[in-house]
Amino acid sequence: MTAPPEPSGRTPADPLLCAGALIVDDDGRIFVQRRSADRRLFPDTWDIVGGHVEAGESVDEALHREVREETGWILSHVLGTVGEHTWKGDDGLYRLETDYLCRVDGDLTRPRLEAGKHTDFAWVTEAELDLLDENRPDDDTIRRIVADGFAMLRVFGF
């Protein structure tokens, strides 16, 4: 017997939807931020901007909201879809994440990191991908996502 859908239409077996933003600057670097040490999922690790799609929200709306909440910037252009993957968090729940290469409006030298959730940021080049391995020796997911973002940037001529 299948579990009844939740009010959102999602059944308990369905993965949670997530949206991720690989924000690129004029120099072809990609923005990453360090998660706080007390975060439940992936504490003290580098990550891209993004998060869960909330009830009643589209993936596009979540992408815009997450960029604004986590950086203070305004999403101006989605350049393309970098990829989609399913992952299981430390909480045992599966997520289906779609990641997008994005441009934003705002002062890129001064993101407004979301208080209590992120402690640091960096603009990385493809040559600096090793930074993303820090504190994640057994999980190269973020590194692969960002590497895929750089591959897409090459298509655009960066």
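This report describes the overall fold, the largest pocket and three residues of a predicted protein model.

## Basis of the model

Because the model is predicted, local features need pLDDT of at least 70 and side-chain atom pairs count only at pLDDT 80 or more, while totals for chains, interfaces and linings use all residues. Residues are numbered from 1 along each chain as its sequence is written, and side-chain values use heavy atoms, with hydrogens and water left out.

## Overall fold

The protein has two helices and seven strands, in the order β-β-β-β-α-β-β-β-α from the N terminus. Helices (H or I, at least four residues) and strands (E, at least two) are DSSP runs, numbered from the N terminus. The radius of gyration, taken over C-alpha atoms, is 16 Å. The globule rule (2.2 Å times the number of residues to the power 0.38) gives 15 Å for 158 residues, so the protein is as compact as a globular protein of that length.

Buried residues, those under 20% relative accessible area with a 1.4 Å probe and protein chains only, make up 42% of the 158 residues. A contact means heavy atoms within 4.5 Å. Among contacts between residues at least 6 apart in sequence, 66% join residues at least 24 apart.

## The largest pocket

A pocket is an open set of points on a 1 Å grid over the protein atoms alone, where a 1.4 Å probe fits, with protein on both sides within 12 Å along at least five of seven lines. The largest pocket has a volume (the space filled by probe spheres set on the points) of about 590 Å³.

Its lining, made of residues with an atom within 4 Å of a point, comprises 31 residues, of which Arg35, Arg39, Gly50, Gly51 and His52 lie nearest the centre. The elements giving two or more residues to this lining are β1 (16-23), β4 (49-52), α1 (59-71), β5 (74-88) and α2 (141-155).

## Individual residues

Arginine 65 belongs to helix α1 and counts as buried, at 8% relative accessibility. Leaving aside residues up to four places away in sequence, arginine 65 touches His52, Glu54 and Glu57.

Most residues other than glycine have a negative phi. Phenylalanine 42, in the loop between β2 (30-35) and β3 (46-47), nevertheless has a positive phi of about 50°. Aspartate 44, found in the loop between β2 and β3, has a positive phi near 55°. Phenylalanine 42 counts as buried at 19% relative accessibility, whereas aspartate 44, at 29%, counts as partly exposed (between the 20% limit for buried and the 50% limit for exposed).
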